[in-house]
Amino acid sequence: MRTLWMALCALARLWPGTLAGCAEAGRCCPGRDAACFVRGWRLDRVYGTCFCDQACRLTGDCCFDYARACPARPCIVGEWSPWSGCGDQCKPAARVRRRPVRQEPRNGGAPCPPLEERAGCLDYSTPRGQDCGHSFVPAFITTSAFNKERTRQSTSPQWSTDTEDSGYCMEFKTESLTHHCALENRPLTRWMQYLREGYTVCVDCQPPAMNSVSLRCSGDGLDSDGNQTLHWQAIGNPRCQGTWKKVRRVDQCSCPAVHSFIFI
(Lines give C-alpha, C1' and ligand atoms only; values in the text may rest on other atoms or scores of the structure.)
Protein backbone atom coordinates (compact mmCIF):
# COMPACT_ATOMS: atom_id res chain seq x y z
CA MET A 1 0.00 0.00 0.00
CA ARG A 2 2.89 2.36 0.81
CA THR A 3 4.43 1.66 -2.60
CA LEU A 4 1.11 2.36 -4.31
CA TRP A 5 0.75 5.63 -2.44
CA MET A 6 4.25 6.75 -3.47
CA ALA A 7 3.51 5.87 -7.08
CA LEU A 8 0.30 7.87 -7.05
CA CYS A 9 2.10 10.85 -5.54
CA ALA A 10 4.60 10.69 -8.38
CA LEU A 11 1.77 10.71 -10.89
CA ALA A 12 0.28 13.72 -9.17
CA ARG A 13 3.48 15.66 -9.68
CA LEU A 14 3.53 14.75 -13.37
CA TRP A 15 -0.18 15.20 -14.00
CA PRO A 16 -1.83 17.55 -11.51
CA GLY A 17 -5.38 16.56 -10.68
CA THR A 18 -4.86 12.82 -11.16
CA LEU A 19 -5.03 12.21 -7.41
CA ALA A 20 -8.65 13.29 -7.12
CA GLY A 21 -10.25 11.21 -4.44
CA CYS A 22 -12.85 11.22 -1.68
CA ALA A 23 -10.99 13.78 0.43
CA GLU A 24 -10.53 16.27 -2.40
CA ALA A 25 -14.10 15.83 -3.55
CA GLY A 26 -15.42 16.03 0.00
CA ARG A 27 -17.50 12.93 -0.53
CA CYS A 28 -18.33 10.22 1.98
CA CYS A 29 -21.72 8.51 1.62
CA PRO A 30 -23.54 5.82 3.63
CA GLY A 31 -24.84 2.61 2.11
CA ARG A 32 -24.73 2.10 -1.65
CA ASP A 33 -24.91 5.38 -3.53
CA ALA A 34 -24.22 5.26 -7.26
CA ALA A 35 -23.97 9.05 -7.35
CA CYS A 36 -21.17 9.13 -4.77
CA PHE A 37 -18.18 8.88 -7.14
CA VAL A 38 -15.27 10.86 -8.50
CA ARG A 39 -12.74 10.44 -11.29
CA GLY A 40 -9.52 9.16 -9.82
CA TRP A 41 -7.43 6.18 -8.85
CA ARG A 42 -9.02 3.12 -7.31
CA LEU A 43 -7.33 0.84 -4.82
CA ASP A 44 -6.91 -1.81 -7.52
CA ARG A 45 -4.67 0.67 -9.46
CA VAL A 46 -7.30 1.37 -12.10
CA TYR A 47 -7.86 4.99 -13.04
CA GLY A 48 -11.43 6.00 -13.75
CA THR A 49 -14.62 6.08 -11.75
CA CYS A 50 -14.08 5.34 -8.09
CA PHE A 51 -16.61 5.47 -5.28
CA CYS A 52 -16.79 7.03 -1.85
CA ASP A 53 -19.84 5.20 -0.54
CA GLN A 54 -19.84 2.60 2.18
CA ALA A 55 -20.61 -0.28 -0.18
CA CYS A 56 -17.41 0.24 -2.14
CA ARG A 57 -15.62 -1.91 0.44
CA LEU A 58 -17.69 -4.86 -0.74
CA THR A 59 -17.62 -4.10 -4.45
CA GLY A 60 -13.91 -3.25 -4.47
CA ASP A 61 -14.22 0.05 -6.34
CA CYS A 62 -13.26 2.50 -3.57
CA CYS A 63 -11.13 5.51 -4.31
CA PHE A 64 -7.56 5.10 -3.15
CA ASP A 65 -8.04 7.40 -0.15
CA TYR A 66 -11.43 6.08 1.01
CA ALA A 67 -10.12 4.58 4.25
CA ARG A 68 -8.41 7.83 5.18
CA ALA A 69 -11.18 10.17 4.03
CA CYS A 70 -14.04 8.02 5.38
CA PRO A 71 -12.72 6.23 8.47
CA ALA A 72 -14.94 3.49 9.86
CA ARG A 73 -16.81 4.54 12.97
CA PRO A 74 -18.36 1.82 15.10
CA CYS A 75 -21.66 2.10 16.87
CA ILE A 76 -21.28 3.33 20.43
CA VAL A 77 -24.04 2.70 22.93
CA GLY A 78 -24.72 4.07 26.39
CA GLU A 79 -25.43 2.32 29.66
CA TRP A 80 -28.46 0.13 30.22
CA SER A 81 -31.44 1.81 31.80
CA PRO A 82 -32.85 0.35 35.03
CA TRP A 83 -35.22 -2.56 34.54
CA SER A 84 -38.84 -1.55 34.16
CA GLY A 85 -41.52 -3.03 36.34
CA CYS A 86 -43.45 -6.10 35.27
CA GLY A 87 -45.93 -5.47 32.49
CA ASP A 88 -48.70 -6.81 34.70
CA GLN A 89 -49.22 -7.81 38.29
CA CYS A 90 -50.16 -11.27 39.50
CA LYS A 91 -49.40 -13.08 36.28
CA PRO A 92 -46.29 -13.85 34.22
CA ALA A 93 -45.17 -10.84 32.22
CA ALA A 94 -41.98 -9.21 30.99
CA ARG A 95 -39.77 -6.39 32.14
CA VAL A 96 -37.64 -4.32 29.77
CA ARG A 97 -34.44 -2.33 29.79
CA ARG A 98 -32.96 -0.25 26.99
CA ARG A 99 -29.77 1.60 26.13
CA PRO A 100 -29.32 4.62 23.85
CA VAL A 101 -27.12 4.99 20.78
CA ARG A 102 -24.36 7.50 21.39
CA GLN A 103 -22.84 7.21 17.93
CA GLU A 104 -24.39 5.68 14.83
CA PRO A 105 -22.10 3.37 12.83
CA ARG A 106 -20.60 4.92 9.71
CA ASN A 107 -18.48 3.82 6.78
CA GLY A 108 -18.65 0.11 7.54
CA GLY A 109 -18.10 0.45 11.26
CA ALA A 110 -19.35 -2.22 13.67
CA PRO A 111 -23.17 -2.23 13.87
CA CYS A 112 -25.05 -1.53 17.06
CA PRO A 113 -25.54 -4.39 19.52
CA PRO A 114 -29.07 -5.13 20.80
CA LEU A 115 -30.59 -2.00 22.26
CA GLU A 116 -33.36 -3.74 24.21
CA GLU A 117 -33.50 -6.70 26.55
CA ARG A 118 -36.55 -8.46 27.95
CA ALA A 119 -36.79 -10.81 30.89
CA GLY A 120 -39.65 -12.77 32.36
CA CYS A 121 -40.97 -11.61 35.70
CA LEU A 122 -43.85 -12.04 38.08
CA ASP A 123 -45.06 -9.61 40.72
CA TYR A 124 -46.51 -11.42 43.73
CA SER A 125 -48.41 -8.44 45.06
CA THR A 126 -50.87 -5.92 43.69
CA PRO A 127 -50.14 -2.15 43.71
CA ARG A 128 -52.05 -2.09 47.00
CA GLY A 129 -49.79 -4.70 48.52
CA GLN A 130 -52.23 -7.59 48.40
CA ASP A 131 -50.68 -11.03 47.94
CA CYS A 132 -51.23 -12.63 44.54
CA GLY A 133 -49.51 -14.69 41.91
CA HIS A 134 -48.94 -17.73 44.13
CA SER A 135 -50.66 -19.93 41.59
CA PHE A 136 -47.84 -19.27 39.14
CA VAL A 137 -45.04 -20.58 41.32
CA PRO A 138 -43.45 -23.50 39.44
CA ALA A 139 -45.03 -26.78 40.43
CA PHE A 140 -42.60 -29.43 41.67
CA ILE A 141 -43.84 -32.91 40.90
CA THR A 142 -42.90 -36.54 41.29
CA THR A 143 -44.55 -39.85 40.49
CA SER A 144 -47.78 -40.71 42.31
CA ALA A 145 -46.18 -44.03 43.27
CA PHE A 146 -44.35 -42.07 45.94
CA ASN A 147 -47.56 -40.81 47.51
CA LYS A 148 -48.28 -43.76 49.82
CA GLU A 149 -44.74 -43.81 51.13
CA ARG A 150 -44.78 -40.05 51.68
CA THR A 151 -48.08 -40.15 53.58
CA ARG A 152 -46.90 -43.00 55.80
CA GLN A 153 -43.65 -41.21 56.66
CA SER A 154 -45.22 -37.77 57.18
CA THR A 155 -44.50 -36.48 60.67
CA SER A 156 -45.74 -32.91 60.33
CA PRO A 157 -47.44 -31.87 63.61
CA GLN A 158 -49.65 -29.46 61.64
CA TRP A 159 -51.66 -32.36 60.28
CA SER A 160 -53.75 -34.65 62.43
CA THR A 161 -54.74 -38.16 61.43
CA ASP A 162 -58.25 -36.88 60.74
CA THR A 163 -57.01 -34.62 57.94
CA GLU A 164 -54.25 -36.89 56.63
CA ASP A 165 -56.37 -38.02 53.67
CA SER A 166 -57.78 -34.62 52.72
CA GLY A 167 -56.75 -33.09 49.42
CA TYR A 168 -57.73 -32.54 45.82
CA CYS A 169 -56.57 -33.30 42.31
CA MET A 170 -55.57 -30.91 39.54
CA GLU A 171 -55.75 -31.86 35.89
CA PHE A 172 -53.39 -30.18 33.45
CA LYS A 173 -52.75 -30.43 29.73
CA THR A 174 -49.02 -30.48 29.03
CA GLU A 175 -47.86 -27.82 26.56
CA SER A 176 -44.09 -28.36 26.39
CA LEU A 177 -41.25 -30.18 28.07
CA THR A 178 -37.49 -30.43 27.72
CA HIS A 179 -35.83 -33.39 26.04
CA HIS A 180 -34.06 -34.26 29.28
CA CYS A 181 -37.22 -35.95 30.56
CA ALA A 182 -37.07 -38.65 27.89
CA LEU A 183 -33.41 -39.40 28.67
CA GLU A 184 -34.08 -40.49 32.27
CA ASN A 185 -33.56 -44.21 32.86
CA ARG A 186 -32.63 -44.35 36.55
CA PRO A 187 -34.95 -46.47 38.69
CA LEU A 188 -36.31 -43.55 40.72
CA THR A 189 -36.66 -41.14 37.80
CA ARG A 190 -37.80 -43.43 34.98
CA TRP A 191 -41.33 -42.09 35.41
CA MET A 192 -40.25 -38.89 33.63
CA GLN A 193 -40.13 -40.79 30.33
CA TYR A 194 -43.93 -40.92 30.29
CA LEU A 195 -44.36 -37.16 30.24
CA ARG A 196 -45.70 -36.19 26.82
CA GLU A 197 -46.79 -33.00 25.12
CA GLY A 198 -50.54 -32.70 24.61
CA TYR A 199 -51.45 -35.28 27.26
CA THR A 200 -53.74 -34.62 30.21
CA VAL A 201 -52.09 -35.45 33.51
CA CYS A 202 -53.33 -35.57 37.08
CA VAL A 203 -51.44 -34.06 39.98
CA ASP A 204 -52.57 -34.85 43.52
CA CYS A 205 -52.38 -32.24 46.26
CA GLN A 206 -52.04 -34.05 49.58
CA PRO A 207 -50.38 -33.34 52.92
CA PRO A 208 -47.66 -32.54 53.70
CA ALA A 209 -47.30 -30.69 50.38
CA MET A 210 -50.61 -28.99 51.10
CA ASN A 211 -50.25 -25.83 53.15
CA SER A 212 -52.09 -26.31 56.46
CA VAL A 213 -53.42 -22.73 56.37
CA SER A 214 -54.34 -22.13 52.72
CA LEU A 215 -55.08 -25.83 52.05
CA ARG A 216 -53.29 -25.35 48.74
CA CYS A 217 -50.23 -26.85 47.08
CA SER A 218 -47.61 -24.49 45.72
CA GLY A 219 -47.91 -24.14 41.95
CA ASP A 220 -51.33 -25.77 41.72
CA GLY A 221 -52.55 -23.12 39.25
CA LEU A 222 -55.96 -23.13 40.88
CA ASP A 223 -56.41 -19.39 40.29
CA SER A 224 -55.48 -19.50 36.61
CA ASP A 225 -58.22 -19.21 34.00
CA GLY A 226 -57.11 -22.12 31.86
CA ASN A 227 -55.45 -19.97 29.20
CA GLN A 228 -52.41 -19.07 31.27
CA THR A 229 -49.21 -21.03 30.85
CA LEU A 230 -47.93 -22.54 34.10
CA HIS A 231 -44.55 -24.09 34.79
CA TRP A 232 -43.57 -27.40 36.35
CA GLN A 233 -40.31 -29.12 37.25
CA ALA A 234 -39.65 -32.78 37.97
CA ILE A 235 -38.05 -33.66 41.29
CA GLY A 236 -34.89 -35.66 40.76
CA ASN A 237 -33.79 -33.92 37.56
CA PRO A 238 -34.07 -30.12 37.46
CA ARG A 239 -33.47 -30.18 33.71
CA CYS A 240 -36.73 -32.08 33.19
CA GLN A 241 -39.25 -29.25 33.17
CA GLY A 242 -41.95 -27.77 31.02
CA THR A 243 -45.27 -25.97 30.87
CA TRP A 244 -48.93 -26.90 31.10
CA LYS A 245 -52.36 -25.30 31.38
CA LYS A 246 -55.04 -25.98 33.96
CA VAL A 247 -57.96 -28.14 32.87
CA ARG A 248 -59.96 -28.45 36.09
CA ARG A 249 -59.93 -29.34 39.77
CA VAL A 250 -61.50 -32.62 40.82
CA ASP A 251 -61.83 -34.43 44.12
CA GLN A 252 -60.08 -37.60 43.00
CA CYS A 253 -57.46 -38.21 40.32
CA SER A 254 -58.47 -40.64 37.61
CA CYS A 255 -55.55 -40.54 35.15
CA PRO A 256 -53.56 -43.66 34.23
CA ALA A 257 -50.72 -44.39 36.64
CA VAL A 258 -48.05 -43.24 34.18
CA HIS A 259 -49.79 -39.86 33.92
CA SER A 260 -50.46 -39.43 37.64
CA PHE A 261 -48.21 -37.29 39.79
CA ILE A 262 -48.14 -35.51 43.13
CA PHE A 263 -47.11 -32.05 44.22
CA ILE A 264 -44.01 -31.80 46.38
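**Surface patch, barrel and salt bridges in the predicted model**

A nonpolar patch on the surface is formed by Phe140, Phe146, Ile235 and Ile264, which together have about 310 Å² of accessible area. The structure described here is a predicted model. Among the members of the patch, phenylalanine 146 is placed in the loop that lies between strand S7 (139–143) and helix H5 (147–153), and its relative accessibility of 36% makes it partly exposed.

Six strands make up a closed barrel, in the order S7-S10-S11-S8-S9-S12 and with mixed pairing. From one strand to the next, the twist averages 45°. Within this barrel, strand S8 (residues 168–177) and strand S11 (residues 241–250) are paired in the antiparallel sense, with eight bridges between them; cysteine 169 has valine 250 in S11 as its bridge partner. Strands of a sheet pair in general through backbone hydrogen bonds, in either a parallel or an antiparallel arrangement.

The pairing of S8 and S11 is accompanied by a side-chain contact, a salt bridge between arginine 248 and glutamate 171 with an N to O distance of 2.9 Å. Because arginine 248 belongs to strand S11 and glutamate 171 to strand S8, this pair ties together parts that are 77 residues apart in sequence. With regard to solvent, arginine 248 is partly exposed, at a relative accessible area of 44%, whereas glutamate 171 is buried, at 7% relative accessibility.

A further set of contacts involves the loop between strand S9 (200–205) and strand S10 (230–234), in which serine 224 is found. The relative accessibility of serine 224 is 3%, so this residue counts as buried, and a polar atom of its side chain lies 2.7 Å from the backbone oxygen of glycine 221. A salt bridge also joins the side chains of arginine 216 and aspartate 220, at 2.6 Å from N to O, and both of these residues are buried.

Outside the barrel strands, S1 (37–41) and strand S2 (residues 47–51) run antiparallel and are joined by five bridges, with phenylalanine 37 standing opposite phenylalanine 51 in S2. The hairpin that these two strands form has five residues between the strands, and in it arginine 45 adopts a positive phi near 70°.

Over the whole structure, a search finds ten salt bridges. Side chains of opposite charge can pair when their charged atoms come close. One of these salt bridges brings together the side chains of arginine 32 and aspartate 61, with 3.5 Å between N and O. Arginine 32 lies in the loop between helix H2 (22–25) and strand S1, and aspartate 61 in the loop between helix H3 (56–59) and helix H4 (66–69), so that the contact ties together parts separated by 29 residues in sequence. The two partners fall into separate accessibility classes: arginine 32 is partly exposed, with a relative accessible area of 47%, while aspartate 61, at 10% relative accessibility, counts as buried. The pair is also part of a network of salt bridges in which Arg32, Asp53 and Asp61 are linked.

Terms used: Residues are numbered from 1 along each chain as its sequence is written. This is a predicted model: local features need pLDDT of at least 70, side-chain atom pairs count only at pLDDT 80 or more; totals for chains, interfaces and linings use all residues. Side-chain values use heavy atoms; hydrogens and water are left out. Two strands pair if DSSP finds at least two bridges between them. Helices (H or I, at least four residues) and strands (E, at least two) are DSSP runs, numbered from the N terminus. Axes are lines fitted to C-alpha atoms, for helices over the stretch in contact, and angles run from 0 to 180 degrees between N-to-C directions. Buried means under 20% relative accessible area, exposed over 50%, partly exposed in between (1.4 Å probe, protein chains only). A polar contact is a pair of N or O atoms within 3.5 Å; within protein, one must be able to donate a hydrogen and the other to accept it, and residues adjacent in sequence count only if both atoms are side-chain atoms. A salt bridge is a side-chain nitrogen of Lys or Arg within 4 Å of a carboxyl oxygen of Asp or Glu. Patches are made of residues with over 30% relative accessible area and no salt bridge: like charges are joined within 9 Å, nonpolar side chains (Val, Leu, Ile, Met, Phe, Trp, Tyr) within 5 Å. Accessible areas come from the Shrake-Rupley method with a 1.4 Å probe; for residues, only the protein chains shown count as cover.
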